[in-house]
Amino acid sequence: MSFIDWIRQPWPWYVAGPLIGLTVPLLLILGNKTFGISSTLRHVCAAVIPANVSFFQYEWKKELWNLLFVAGVLIGGFLVALFLSDPQPVQINPKLAEELSSYGISNYQSLVPVEVFNWPALLTARGLILMVAGGFLVGFGTRYAGGCTSGHAIMGLSNLQLPSLVATISFMAGGFIFANLVIPIIMKL
Amino acid sequence: MTNVEVYPKTKNINTDFETRSLDSSDFSVGQEEKPSWHMIKYLVAGILFGIILVKSEVISWFRIQEMFRLQSFHMFGVIGSAIVVGMISIFLIKKFNIKTVSGEKISLPKKTFHKGQIYGGLIFGFGWAMTGACPGPLYAQIGNGATVVVVSLLSAVAGTWVYGYLSDKLP
């Protein structure tokens, strides 16, 4: 197996997790920046539609590094699609596959189910709820909580912040409840 | 905030030395005193981070559904080991008083507790289960070719805006 084929395979958690963890000291050492991604959504609001809302009155230009970081994340995703994508379908737990097949999902070629996440699906109740309402809740909830998986779970817990533990438990609980009780209903729409 | 602009704006020199609100880590605490092209390092860091997110399939809707159904250890392994490595890193930074590349003391913002961490956390959890993406993966999914996720991202910006608009009235 060539190096490129080897690196194209999905990376195991014990490789990816520590690399993600190293982002914390990397950003601190590069320029005293605290790892956090959902804050970029706030900076976008502050830059584009501040509309006299006091929450968006700050010098967003100082947080340009954060916007550059997420621009990088987007480019990173593109580079993987160009050079490093795994030709194999996503391997998932057979139980999940069975559940998803009852919703008409059987294509695992992409990292997101293409039957649900596509442009025409925006006109269906299922697609509209998952993509539009889901996105809205991600934006609203992360800012209300003051951070997301990166800012609270990874950065906050690494720095032993108790409020971050509360937030992490809350969003994991929210996900468990929703994925098990509500997602099955939405998926059948 | 004292905004005395004594330097030309184009130089991106920080003139605001006032301590930022301590309960928020949305803002940079460090002083960026280098010319703006140095900022490219954050773009490079983001590219590496994005590649890791995609290759570990953390951006996969399927992996998130597995995580919330306790059907796979993968996501717990990723997040758990990231926290452990982050913790050890911060411990070492504090113990050896490691400075930034420009010799500045590293400052770590403290978070203060408020009910939003519970309510907002739950709401974010709902959204995470729906989109299969927390904010980082939203960007990575778009780059990776799921262009429709642009709609989710714009919706997330709208959600953030609505939160900002309502923030004074929420518990």
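In the predicted model, 48% of the 171 residues of chain B count as buried. Chain B holds 6 helices and 0 strands. Its elements run α-α-α-α-α-α from the N terminus on. Among contacts in chain B with a separation of 6 or more, 43% come from residues 24 or more positions apart.

Chain A is likewise described by helices: 8 of them, with 0 strands. Read from the N terminus, the order of elements in chain A is α-α-α-α-α-α-α-α. Of its 189 residues, 50% count as buried. For chain A, 52% of the contacts between residues at least 6 apart in sequence join residues at least 24 apart. Along the principal axes, the C-alpha atoms of chain A fill a box of roughly 50 × 45 × 30 Å.

The contact between the chains draws on 116 residues from chain A and 112 residues from chain B. On the chain A side, at least two residues each come from helix 2 (13–31), helix 3 (39–48), helix 4 (64–84), helix 5 (94–101), helix 6 (125–145), helix 7 (149–158) and helix 8 (162–187). Helix 2 of chain A gives the most to this side, with 18 residues. By class, the side of chain A that touches chain B has 75 nonpolar, 34 polar and 7 charged residues.

Helix 2 of chain A packs with helix 1 (residues 40–55) of chain B. Their axes lie 10 Å apart, at an angle of about 170°. The two helices are therefore roughly antiparallel to each other. Helix 2 of chain A contributes A:Ala16, A:Leu19, A:Ile20, A:Thr23, A:Leu26, A:Leu27 and A:Leu30 to this contact. Helix 1 of chain B contributes B:Lys41, B:Ala45, B:Phe49, B:Ile52 and B:Lys55. By class, this helix pair brings together 9 nonpolar, 1 polar and 2 charged residues.

The largest nonpolar core has 93 residues. Within this core, A:Ile154 and B:Ala129 touch the most other members. Leaving aside residues up to four places away in sequence, A:Ile154 touches residues of chain A and of chain B. The chain A partners are A:Ile20, A:Gly21, A:Val24, A:Phe35 and A:Thr149. The chain B partners are B:Ala82, B:Ile83 and B:Gly86. A:Ile20 is thus a partner of A:Ile154 and also part of the contact of helix 2 of chain A with helix 1 of chain B.

Helix 6 of chain B covers residues 149–166. At 1.5 Å a residue, its 18 residues should span 26 Å. The end C-alpha atoms are 25 Å apart, which agrees. Buried residues of this helix are B:Val149, B:Ser152, B:Leu153, B:Ser155, B:Ala156, B:Val157, B:Gly159, B:Thr160, B:Trp161, B:Tyr163 and B:Gly164. These buried residues pack against elements of both chains. In chain A, the partners are helix 3 and helix 6. In chain B, they are helix 4 (116–131) and helix 5 (135–144).

B:Ile98 sits in the loop between helix 3 (74–95) and helix 4 of chain B. With 15 C-beta neighbours inside 10 Å, B:Ile98 counts as partly exposed, because a residue needs 20 or more such neighbours to be buried and 12 or fewer to be exposed. Not counting residues up to four places away in sequence, B:Ile98 touches A:Ile29 of chain A. In chain B, B:Ile98 touches B:Leu92, B:Ile93 and B:Ile106.

Key
Residues numbered from 1 in each chain as written. Chains lettered and ligands numbered in written order. Predicted model: local features only at pLDDT ≥ 70, side-chain atom pairs only at ≥ 80, totals over all residues. Contact = placed C-beta atoms within 7 Å. Helix = DSSP H or I, 4+ residues; strand = E, 2+ residues; numbered from the N terminus. Nonpolar A, V, L, I, M, F, W, Y, C, P; charged D, E, K, R; others polar. Expected span 1.5 Å × (residues − 1). Core = buried A, V, L, I, M, F, W, Y, C linked by C-beta atoms within 7 Å. Axes fitted to C-alpha atoms, helices over the stretch in contact; angles between N-to-C directions. Parallel < 35°, antiparallel > 145°, perpendicular 65-115°, else oblique.
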